[in-house]
Structures are given as C-alpha cells and as structure tokens.
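Student: Please take a close look at one part of this structure and explain what surrounds it. I would like each term explained as you use it.

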Amino acid sequence: MTRKEQKEVRRLQIIQTTLDLFVERGYYGTKTSQISRRAGISEGLLFHYFPTKEALLEELINIGLEGMRMPMQIHAESGLDFFYQFTEMLFANVKKNRFIAQMFVFMGHVVWAEDIPERLRKLAASVDTIAHSQRWVEAGQQDGSIRQGDVMALSNMYWCAIHGIMEQYASRPEIILPEPNWVVDMLRSDKKSNK
C-alpha cells in the first residue's frame with residue numbers, strides 16, 4: 001500500500017469513528033479526544049487530518065449530501081418505479097455498508113439539532129429529498145401506480161418509513177431489512193397489482 005493509500009485509509013477510519021460517535025453521543029457530546037482514542041491515533045494526528053471537530057462535522061455533512069442526491073440520479077419509468085428502484089438500491093447498499101444507515105440517522109439529526117452550527121444545519125438541509133420525490137408521487141398518481149392523496153403527505157410517509165428502517169438498522173444491523181416492495185406498497189394504488 002502506498003503512502004497516499006495509507007493516508008486515505010486513515011482518513012476514512014477517522015470519518016467512520018467520528019460518525020459512530022456523533023450518532024451515539026451527538027455532536028456536542030463528542031470530544032476530539034474520544035474520536036482520537038477510539039480511532040487509535042493521537043489527537044495531534046487527528047488534527048493533521050481535520051483541524052477542528054467542526055471540520056469533521058462538515059466533511060460528514062458533505063458525504064451525507066452526496067448520498068441524498070442519489071435519488072435524483074434515478075431514471076424511472078413511472079412514479080412507483082422511482083420509489084422501488086431507490087428502495088432496492090438503498091437496501092442492497094446498506095447490507096454491504098452500515099455507514100449508509102448511520103448517515104441517515106446523522107443527517108436527520110443534523111438538520112434540527114441545536115448543538116450544530118447554524119451554517120452547517122442549513123447546508124445539511126440544502127437537499128430536500130421529500131420535495132424532490134413529490135414530483136414522482138405526482139407522476140405516479142397521473143399514471144395510476146400511486147394512490148391518490150396529498151402529494152407532500154405521501155412523499156413524507158415514504159421517507160419517514162425509510163428513515164425509521166435506517167435508524168433501526170444503524171443500531172441493530174442484525175435485523176432483516178424488509179423487502180423493497182413492502183415499503184413501496186404504502187404508496188401503491190389499489191388499481192395496480194404488486195410488483
């Protein structure tokens with residue numbers, strides 16, 4: 001392994017450790033000494049990679065925002081297909097990497113937590129997956145694949161279910177994730193048969 005690769009492995013180790021602690025204890029409740037101790041490095045080395053705890057927080061938020069943009073890259077055939085594709089992709093990736101479930105918990109907390117600097121709360125809220133998926137709910141209602149009802153409420157229902165599942169999986173990765181179509185069935189119009 002090259003020196004550059006070693007540095008990247010160390011950087012990712014610090015990020016994972018920080019995420020673990022932020023999810024467990026919150027931003028305010030986590031000290032840089034705890035991060036360095038759990039990562040098995042000196043606090044000086046931690047500051048070499050990230051000069052402040054806030055810099056670590058911002059790095060995690062930027063990683064979370066990348067993940068939140070994933071649904072926007074899906075090319076679906078119908079409204080319901082969008083939700084099915086995303087749920088299937090998310091669950092498959094979460095099974096490989098628990099970090100993704102932890103990021104859901106972390107990003108959900110960052111948006112409303114008072115211990116997070118305002119600038120970073122606004123950054124975390126800059127991608128609105130609920131608003132984005134409303135257009136897919138509307139498309140599904142028009143093509144008959146998604147039940148009729150308030151578009152915002154249906155979009156919110158889906159994302160609340162996803163967040164709840166991710167929160168459970170982040171704390172208990174031994175649980176079995178539901179089938180993607182079980183989650184999507186909340187949105188399905190009674191007129192359409194199950195996928």
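Tutor: Glu77 lies in the loop between α4 and α5, where helices (H or I, at least four residues) and strands (E, at least two) are DSSP runs numbered from the N terminus. This is a predicted model, in which local features need pLDDT of at least 70, side-chain atom pairs count only at pLDDT 80 or more, and totals for chains, interfaces and linings use all residues. Residues are numbered from 1 along each chain as its sequence is written, and side-chain values use heavy atoms, leaving out hydrogens and water.

Glu77 has a relative accessible area of 78%, so Glu77 is exposed (buried means under 20%, exposed over 50%, partly exposed in between, with a 1.4 Å probe and protein chains only). Along the chain, Glu77 and Gly140 are 63 residues apart, and their C-alpha atoms are separated by 9.8 Å.

Now to helix α6. Helix α6 covers residues 99-112, which is 14 residues. The expected span is 1.5 Å times one less than the number of residues. For α6 this gives 20 Å, and the end C-alpha atoms are 21 Å apart, which agrees. Buried residues of α6 are Phe99, Ala101, Gln102, Met103, Phe104, Phe106, Met107 and Val110. Their cover includes α1 (3-25), α4 (53-68), α5 (79-96), α7 (118-124) and α9 (151-171), with contact meaning heavy atoms within 4.5 Å.

Helix α6 also gives the largest share of the lining of the largest pocket, 7 residues. A pocket is found on a 1 Å grid over the protein atoms alone, as an open set of points where a 1.4 Å probe fits, with protein on both sides within 12 Å along at least five of seven lines; lining residues have an atom within 4 Å of a point. The space in this pocket is about 660 Å³, a volume filled by probe spheres set on the points, which are joined across faces, edges and corners. The lining has 27 residues, and closest to the pocket centre are Gly64, Gly67, Met68, Phe104 and Met107. Two or more lining residues come from each of α4, α5, α6, α8 (129-143) and α9. By type, the lining has 18 nonpolar, 7 polar and 2 charged residues (Ala, Val, Leu, Ile, Met, Phe, Trp, Tyr, Cys and Pro count as nonpolar, Asp, Glu, Lys and Arg as charged, and the others, Gly among them, as polar).

Two of the helices that cover α6, α4 and α7, are also joined by a salt bridge. Arg119 and Glu54 form the bridge, at 3.2 Å from N to O (a side-chain nitrogen of Lys or Arg within 4 Å of a carboxyl oxygen of Asp or Glu). Arg119 is in helix α7 and Glu54 in helix α4, 65 residues apart, so this pair links distant parts of the chain. Arg119 is partly exposed at 45% relative accessibility, and Glu54 is partly exposed at 30%.

In α1, Arg11 forms a salt bridge with Glu8, with the closest N and O atoms 3.3 Å apart. The two are 3 residues apart in α1, which means about one helical turn lies between them. An α-helix has 3.6 residues a turn, so residues three or four places apart point the same way. Arg11, at 23%, is partly exposed, as is Glu8 at 36%. Glu8, Arg11 and Glu59 are linked in a network of salt bridges. The whole structure has 8 salt bridges.
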